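Let's practise reading a structure together, one small exercise at a time. Try each task yourself before you look at its solution.

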Amino acid sequence: MRFRGHEYRVDRGHLVFVCAIAAAVAWYLFDTRSVSTSVNNLLLVEPVSLFALAMAALIIPQCFVRADHAENTEEKKEEEYDPLAPKLPTERAQVIKMLSLGVSLGVFVFALNVIGFDIAIFLFAMAAMAICGERRPLHLVLFSAAVAAAAIYGFRMLIPYPMYTVIL
Amino acid sequence: MIDFSAFLDALGIMATSAGSWGWIVPGLIVGLVFSAIPGVSITMAMAIVLPMSLYMDFFSAVVFLTSVYTGAGFGGSVPAILMNIPGSPASYATTFDGYAMSKKGQHNEALGYALFASTICGILGYVLLLFVVEPLAHIVLRIGPLEMFAVAIWGMLLLGSLGSKYVTRGLLAAAFGVLLGTVGMNTAGFIRGTMGFPTLLDGISPIPAMIGLLAAGQLLTLAGKDYILDAEEARKVSVKKILSGCWGTLKYPGVLTRGSIIGIIIGAVPGVGSSVGNLIAYAETKRTSKDSASFGKGNPKGVIAAESAVASAEGGSMATMLALGIPGGGATAILLAAFMMHNIVPGPTFIENQKPMVYAIILNNIVQAIALLGVGIGFIYVASMVVKVRTRYILPAILVIATLGTYAVDGSPSGPITLFVFALIGFALVRYEYPVAAVVVGILLGRMLETEFLRSYQLSGGNPLYILQRPGAMAIVGVMLLSFVMTAWGKRKQARMEAEEEAAMEKLHRDDIAGARKT
């Protein structure tokens, strides 16, 4: 993107994320105001929401970085050692593994009460093992079954709430 | 300060109820194991074993439950150090340097630091409680909602100094977290942001949200790795190194003392507890330390500060409960329930009438802290084996336990769903360099912030000058401002030093090039 004679790189993902937070905050403020405009309702929510929106407005320009600056920053980042800096996978295979595990987790949590905790845990454990690189069928089945059994019987002893199961 | 005749009677109770001592080790093991499971908090562990204490005599029941409390205080730091997942909110600050040490292959030492800091400061907290239990009753009565609000705001704003590279992103994350913490029905009866879901009436459940936010950053990204720790050396378990970590703790008496004092004070404030105490202790240690730049990158002082505050907060919250009958947090609320099940109501009258029993409870907690050292080393040895297991086995197991842990909160599917939603948010936060800590603490404190602010507003009638009538609140605000000025000054000094160092290196490099050209 070109602006005032300079080439800019847009971090679209970050821009979408900031806008999503700002939209969520704006919706929450709107929802709170629609309930009541009493001080008892807005005392904390309104000032904090406005503050959050102001912060989001200040962050949005950070999503547009001059191309020459972006290159320098990337070089500098590679030189620095920071064990807690976010190190998300960059290789295609790793990204696919990570996304697959995320999707499996999503399917798992929504399937718990539908297909039963035992079946859901067994299938999720098997899927997660396969995603992480396990290919031996016997290991996949036995370990997943062990995880499902240990989790179901262990949590049944610990928690007072019922868990819907099909086999165990 | 100590009633010696009551103290001697307490020693008599300790000697005659030797059977109660047998509950210390099982209690510690229950606490350690439960809190090491991500999602099972100290409160939950104590709530689960509470019915068991019904069948014990009063002293045995209190010994057992306080042992669970002591064990759980340290147990949470094991997954915090090994996997960057705090077993309970109280261990959150332990992840900052504990996990960084683990990534450098120093997980044994980090666990040793955490264990010894927990033991020493646990003892310190209770020794202090022994002296102050009587006068404290008078002080705590003066804490009002404005002081509570000021302490919570302090805890929240301190997150800005907890290693956030971009201040604006840190503040947005904190504000976003606070707003998430206010979802549901507030104390004035207004319902906001529930989108029609009845489960959100009580607000967003903080435990599933916390696990989700943290799980995304670490667990999902581990999918591409064969082992949690890359280096082969880093997966070795060594009792010798654990003990060297334990011994190394004694090199930092100042950090231990500061952490303890902060932990005791914050722990004594009802509703705030060790989940804020460990953050404040960490931030204050970082701020006052000469090597503050190395915090968050594996500085042992960070682990010691956080753990010392957690351990000593137990003494502080027990002080409030014994002196006033007000639980400092969820765990002491369970203890209060145990007292009541045995027809005993703690408070100033209980201290006055049952002084030997109060001293016996405190003395027994000191014994528990000492016992934790032995039991804890054995537990660490077993827990450290976790890093030896391949990711393909440990990852599905942890994700299943974490998901079921969120289900255990209230037995509804909302827990696991909250975990998943916050896993996605957490992933984005990590990806775009927002401090996840700020959102987590915001969720934990949002409701309390609003409630205390509302109470202060109602008490003052909307007059901001009300603060002038509250010297305690003024003192907290004063300390808070001073703390920020010192942080800003420290950061500026650090930036100047880094710039000078960079300039010196640049000059050296130029001189080298010039020298090479001449020759």
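**Exercise 1.** In this predicted model, find where B:E433 lies in chain B, and work out how exposed B:E433 is.

*Solution.*
- Step 1: Look at the loop between α20 (414-431) and α21 (436-460) of chain B, where B:E433 lies.
- Step 2: Check the backbone there: B:E433 has a positive phi of about 60°, although B:E433 is not a glycine.
- Step 3: Recall the general habit: most residues other than glycine have a negative phi.
- Step 4: Count the surroundings. There are 15 other C-beta atoms within 10 Å of B:E433. Exposed needs 12 or fewer and buried needs 20 or more, so B:E433 is partly exposed.

**Exercise 2.** Now turn to B:M195: is this residue buried or exposed?

*Solution.*
- Step 1: Find B:M195 in the loop between β2 (191-192) and α11 (206-218) of chain B.
- Step 2: Read its phi, which is positive at about 55°, although B:M195 is not a glycine.
- Step 3: Count again: B:M195 has 8 other C-beta atoms within 10 Å. The limit for exposed is 12 or fewer, so B:M195 is exposed.

**Exercise 3.** Describe the make-up of chain A: how many helices and strands does chain A have?

*Solution.*
- Step 1: Count the elements, and you should reach 7 helices and 3 strands in chain A.
- Step 2: Put them in order along the sequence: β-β-α-α-α-β-α-α-α-α.
- Step 3: Add the burial: of the 168 residues in chain A, 27% are buried.

**Exercise 4.** Work out how helix α5 of chain A is placed against α20(B).

*Solution.*
- Step 1: Take the axes of α5 (residues 92-115) of chain A and α20(B): they come within 9 Å and cross at roughly 160°.
- Step 2: Apply the cut-off. Angles over 145 degrees count as roughly antiparallel, so α5(A) is roughly antiparallel to α20(B).
- Step 3: Name the residues. A:L105, A:G106, A:V109 and A:L112 of α5(A) make the contact with B:P416, B:I417, B:L419, B:F420 and B:A423 of α20(B).
- Step 4: Sort these residues by class: 8 are nonpolar, 1 is polar and none is charged.

**Exercise 5.** Look at the whole contact between the chains: which element gives the most to the side of chain A that touches chain B?

*Solution.*
- Step 1: Count both sides: 55 residues come from chain A and 54 residues from chain B.
- Step 2: Compare the elements: α5(A) gives the most to the chain A side, with 11 residues.
- Step 3: Split that side by class: 40 nonpolar, 11 polar and 4 charged residues.

Terms used: Residues numbered from 1 in each chain as written. Chains lettered and ligands numbered in written order. Predicted model: local features only at pLDDT ≥ 70, side-chain atom pairs only at ≥ 80, totals over all residues. Helix = DSSP H or I, 4+ residues; strand = E, 2+ residues; numbered from the N terminus. Axes fitted to C-alpha atoms, helices over the stretch in contact; angles between N-to-C directions. Parallel < 35°, antiparallel > 145°, perpendicular 65-115°, else oblique. Contact = placed C-beta atoms within 7 Å. Nonpolar A, V, L, I, M, F, W, Y, C, P; charged D, E, K, R; others polar.
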